[in-house]
Amino acid sequence: MADPRPRRPARPREEVYATARAAIAEHGLAKLTMAGLGQQLQMSAGHLLYYFGSKDQLLLETLRWSEDQLGARRHEALADRSLDPWQRLDAYLRLYLPEGPGDPRWILWVEVWGRSPASAEIRRGQQEIEAPWQADLVALIEEGAATGHFTPGPAADRALQLRALLDGLAVPIAIALDGTHRDAALGQATAVAGILLRA
């Protein structure tokens, strides 16, 4: 005999990621339960675990999804040849920094960094997700140097320095430390980029 109960269709992964990102940003990963997330999505915790295996994997995949969305915007901005390298660098800096306190994308990063020391899987995933940001910045610096907009120099090293600065400016904004503001951080990042790259 057929089961008379209607089956709920599985939620699209995008909906799962969007809901997980919002829940993690609001409450942190420690307070997120698969049962609670499943309730929000009208799915069972078992169903979520079947797809993701663990909260760590859910966190990593949610971050990957979030960064893929932003990556499309980054590629579009960096590919715009109507802008010179300085203008494209400005777009990169603006995309990199948090929108403001509690930025869900940056809260995911804070959670991932906090779990990295204890998990090789998280560390590997983190490096994979960060790699396109580094590669795109290296390519932009190399192009800027080749066209005379930036001083010649080791592009990979300078990209690492800029990204380390951006990370250091971003986290206090994301976690809402007093006295931190996006506009001020953008100004500081722009000033340091000028010192590192100015021709």
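1. Let's start just past the first helix. α1 is followed by G28, and this glycine has a positive phi, near 85°. Keep that angle in mind, as two residues further along will bring the topic back.

2. Before going on, a word on trust: what you have in front of you is a predicted model. The protein chain averages a pLDDT of 90, and 94% of the residues score at least 70. The beginning of the chain is another story: over residues 1-9, pLDDT stays under 50. For that stretch the model has 1 contact beyond four places in sequence. Where pLDDT is low, the predicted coordinates should not be read in detail. So go easy on residues 1-9, where pLDDT stays under 50.

3. Now back to α1 itself, which covers residues 13-27. This helix has 15 residues and reaches 21 Å from its first C-alpha to its last. That is close to the 21 Å expected at 1.5 Å a residue.

4. Which residues of α1 are buried? They are V16, Y17, T19, A20, A23 and I24. Try finding them in the viewer, then look at what sits over them. The cover includes α2, α3, α4 (55-78) and α6 (104-115).

5. Next, a pair of helices to look at together. Helix α5 (residues 85-96) packs with α8 at an angle of about 40°, and their axes are 10 Å apart. The crossing of α5 past α8 is right-handed. On the α5 side, the contact is made by Y92, L93 and Y96. From α8 come R163, L166 and D167. Sorted by class, this contact of α5 with α8 has 4 nonpolar and 2 charged residues, with no polar ones.

6. Here is the positive phi again, this time at Q42. Its phi is about 55°, although Q42 is not a glycine. Where does Q42 sit? You'll find Q42 in the loop between α2 (34-41) and α3 (45-52). Q42 counts as partly exposed because its relative accessibility is 46%.

7. A176 is another residue to check. A176 is not a glycine, yet it has a positive phi of about 65°. The loop between α8 (155-174) and α9 (182-197) is where A176 lies. Is A176 buried or partly exposed? With a relative accessibility of 44%, A176 counts as partly exposed.

Conventions:
Residues numbered from 1 in each chain as written. Predicted model: local features only at pLDDT ≥ 70, side-chain atom pairs only at ≥ 80, totals over all residues. Heavy atoms only, no water. Helix = DSSP H or I, 4+ residues; strand = E, 2+ residues; numbered from the N terminus. Buried < 20%, exposed > 50% of the residue type's maximum accessible area, 1.4 Å probe, protein only. pLDDT = per-residue confidence, 0-100. Contact = heavy atoms within 4.5 Å. Axes fitted to C-alpha atoms, helices over the stretch in contact; angles between N-to-C directions. Left-handed = near helix turned anticlockwise from the far one by under 90°. Nonpolar A, V, L, I, M, F, W, Y, C, P; charged D, E, K, R; others polar. Expected span 1.5 Å × (residues − 1).
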